[in-house]
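Hi,

Here is the structure I said I would pass on. Have a look, and below it you will find my notes on what turned up.

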Amino acid sequence: MPFGTPERRSSERFSAPLKGWIADKTAPAPIECAIWDLSQTGVRLVVSEPADIPMEFQLQIPDHGAAARVRLIWTDGVYYGATFTD
């Protein structure tokens, strides 16, 4: 019998130690974040400083020339789970 919370993700996630930025038209400046892991459908971010993260934003990964629109699904104030919307 497995222990812990049952897996609810629709696709496998992978560790992805990347630097990213949370950008939104309503934010005065992009917010730095660490991309902890990602899957085909979503991403888990870590924000080290308290920040007002918008419900929808563009996740930018400049080192890889990538950007995607995402929607915030959950947070505990340090970790942020989001799903890709485009």
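W36 comes out as partly exposed, at 42% relative accessibility. Keep in mind that this is a predicted model, so everything here is computed from it. W36 is half of the one aromatic pair in the structure. Its partner is Y79, and the two rings sit edge-to-face, with 5.6 Å from centre to centre and 90° between the planes. W36 belongs to strand β2 (residues 31-38) and Y79 to strand β6 (residues 79-84), so the pair ties together parts that are 43 residues apart in sequence. Y79 is also partly exposed, with a relative accessible area of 27%.

Now for the fold around that pair. The strands make a closed barrel of six, in the order β1-β2-β3-β6-β5-β4, with antiparallel pairing. From one strand to the next, the twist averages 45°. As a reminder, strands of a sheet pair through backbone hydrogen bonds, either parallel or antiparallel.

Going through the neighbours:

- Strand β1 (residues 14-23) is antiparallel to β2 and joined to it by seven bridges; K19 stands opposite A34 there.
- β2 and strand β3 (residues 42-46) are also antiparallel, with four bridges between them. I35 faces L45 across this pairing, and L38 has V43 as its bridge partner. A hairpin of three residues connects β2 to β3.
- β3 pairs with β6 over five bridges, again antiparallel. Y79 turns up here too, as the bridge partner of V46.
- β1 meets strand β4 (residues 56-61) through three bridges, running antiparallel, and W21 is partnered with Q60.

β3 deserves a look of its own. How many of its residues are buried? Five of five, so to answer in full, the strand is mostly covered. Both of its faces are covered: G42, R44 and V46 are buried on one side, V43 and L45 on the other.

On to charges. Side chains of opposite charge can pair when their charged atoms come close. A search of the whole structure gives three salt bridges:

- E32 with K19, at 3.6 Å from N to O. This one links distant parts of the chain, with E32 in strand β2 and K19 in strand β1, 13 residues apart. E32 is partly exposed at 43% relative accessibility, and K19 is partly exposed at 42%.
- D37 with R44, whose closest N and O atoms are 2.7 Å apart. D37 is buried, with a relative accessible area of 8%. R44 has 19% relative accessibility, and the cut-off for buried is under 20%, so R44 counts as buried.
- R71 with E56, where the closest N and O atoms are 3.3 Å apart. R71 lies in strand β5 (residues 66-75) and E56 in strand β4, so this pair ties together parts that are 15 residues apart in sequence. R71 is partly exposed at 36% relative accessibility, and E56 is partly exposed with a relative accessible area of 39%.

If you open the model, a handy route is to begin at the W36 and Y79 rings, step along β3, which pairs with β6, and then look at R44 with its salt-bridge partner D37.

Cheers

Conventions: Residues are numbered from 1 along each chain as its sequence is written. This is a predicted model: local features need pLDDT of at least 70, side-chain atom pairs count only at pLDDT 80 or more; totals for chains, interfaces and linings use all residues. Side-chain values use heavy atoms; hydrogens and water are left out. Rings of Phe, Tyr and Trp (its six-membered ring) pair if their centres lie within 6.5 Å; planes under 30 degrees apart count as stacked, over 60 as edge-to-face and the rest as tilted. Helices (H or I, at least four residues) and strands (E, at least two) are DSSP runs, numbered from the N terminus. Buried means under 20% relative accessible area, exposed over 50%, partly exposed in between (1.4 Å probe, protein chains only). Two strands pair if DSSP finds at least two bridges between them. Axes are lines fitted to C-alpha atoms, for helices over the stretch in contact, and angles run from 0 to 180 degrees between N-to-C directions. A salt bridge is a side-chain nitrogen of Lys or Arg within 4 Å of a carboxyl oxygen of Asp or Glu.
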